[in-house]
Amino acid sequence: MKTSTDPGPVIRRLARDLDVEGTLSDFPGLTREDLRRVLAQAAGPERELFETAVLSVDGGARGNPGPAGAGVVLQVGKKVVRLGEYLGETTNNVAEYKALLLGLKAAADMGVRELEVRSDSELMVRQLNGQYKVRSLSLVDLYFSAIKQLSGFRKSVLTHIPREENKEADRMANMAIDAKGPVSL
């Protein structure tokens, strides 16, 4: 058994007993330093876990379809992350979903566990809340990707908000279109 490439059995043993000496004797040749390395590798990069966050998303296309961008404002405690991504030529509705996916990934990467999502896209919010069916074939895969990512959070709430309350996310989407690339503030 190679513990450096397969940390699963070691971690399961430690989780079961929290017995370092017993774990070392169960895995001959494993040193304390090897054990530290295995646990660090299995744990992945250190990150701070945040309980709740507010995610505002907006997507837009100039021309519909046309040059499009996704904008995200993620507030986690006192920290605010602003992101924009250029999407190339697509529709407003696709851009809205891509903004959501960008924001969900950012929230997950930050260790957010509970999320309030705000969007001015009534269509997207109502589809994800089960009030509208997804009829457009161009949105089906994006819809299921969003459902999958949302299921990774302990709790998530999607809320439709007026455009006037989503100006920062809209600004990030427009900055990305103008830059024809990613932007962050």
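**Entry 1. Terms and overview**

I count two strands as paired if DSSP finds at least two bridges between them. I noted at the outset that this is a predicted model.

I first looked up the secondary structure and found seven helices and six strands in the protein chain. Read along the sequence, these elements follow the pattern α-α-α-β-β-β-α-β-α-α-β-α-β. I then looked up burial: 41% of the 185 residues of the protein chain count as buried. The protein chain exposes about 10700 Å², and carbon and sulfur atoms supply 51% of that area. Among the contacts with a separation of 6 or more, I found that 65% come from residues 24 or more positions apart.

**Entry 2. The sheet**

In what order do the six strands of the open sheet lie? I read the order as β5-β4-β1-β2-β3-β6, and the pairing is mixed. The edge strands are β5 (155-160) and β6 (183-184), each of which pairs on one side only. I reminded myself that strands of a sheet pair through backbone hydrogen bonds, either parallel or antiparallel.

I went through the pairs in turn, beginning at the edge strand β5. Strands β4 and β5 run parallel and are joined by six bridges. Within this pair, L115 stands opposite S156 in β5. Strand β1 (residues 50-61) pairs with strand β4 (residues 112-119) in the parallel sense, over seven bridges. Here V54 has E116 as its bridge partner in β4, and S56 stands opposite R118 in β4.

On β2 and β3, I noted that the two strands run antiparallel and that eleven bridges join them. The bridge partner of A70 in β3 is E85. The hairpin of β2 and β3 has two residues between the strands, and in it G77 takes a positive phi near 60°. At the other edge, β3 and β6 pair in the antiparallel sense over two bridges, where L83 stands opposite S184 in β6.

**Entry 3. A helix on the sheet**

Which strands does helix α4 touch? Helix α4 (residues 92-109) packs on the sheet and touches β1, β2 (66-76), β3 (79-90) and β4. I also recorded its direction, which makes about 155° with that of β1.

**Entry 4. D58**

I chose D58, whose place is in strand β1. Is D58 buried or exposed? Its relative accessible area is 2%; the cut-off for buried is under 20%, so D58 counts as buried.

I then listed its contacts, leaving aside neighbours within four places in sequence. D58 is in contact with G69, A70, G71, E96, A99, D120, N166, A169, D170 and A173. A70 is thus a residue I had already met, as the bridge partner of E85. I also checked D58 against K167: the two are 109 residues apart in sequence, yet 8.7 Å apart in space, C-alpha to C-alpha.

**Entry 5. The largest pocket**

I turned next to empty space. Rolling a probe the size of a water molecule over the atoms shows where empty space is left. About 170 Å³ of space lies in the largest pocket. Its lining consists of D58, G59, G60, A61, N92, E96, D120, R163, D170, A173, N174 and I177. Which elements give two or more residues to this lining? I found β1, α4 and α7 (167-179). I noted that D58 belongs to the lining, and that E96, D120, D170 and A173 are among the residues in contact with D58.

**Entry 6. Unusual backbone geometry**

I ended with the loops. A cis peptide bond joins N64 and P65, with omega about 5°. Both N64 and P65 have their place in the loop between β1 and β2. The phi of N64 is near 45°, which is a positive value in a residue other than glycine. N64 counts as partly exposed because its relative accessibility is 41%.

Where does K180 lie? I located K180 in the loop between α7 and β6. K180 has a phi near 50°, again a positive value in a residue other than glycine. With a relative accessible area of 56%, K180 is exposed, since the cut-off for exposed is over 50%.

Notes: Residues numbered from 1 in each chain as written. Predicted model: local features only at pLDDT ≥ 70, side-chain atom pairs only at ≥ 80, totals over all residues. Heavy atoms only, no water. Helix = DSSP H or I, 4+ residues; strand = E, 2+ residues; numbered from the N terminus. Buried < 20%, exposed > 50% of the residue type's maximum accessible area, 1.4 Å probe, protein only. Contact = heavy atoms within 4.5 Å. Areas by Shrake-Rupley, 256 points an atom, 1.4 Å probe, with all protein chains shown as cover. Axes fitted to C-alpha atoms, helices over the stretch in contact; angles between N-to-C directions. 1 Å grid on protein atoms, 1.4 Å probe; cavity = no way out; pocket = protein on both sides within 12 Å on 5 of 7 lines; lining within 4 Å. Points joined across faces, edges and corners; volume = space filled by probe spheres on them.
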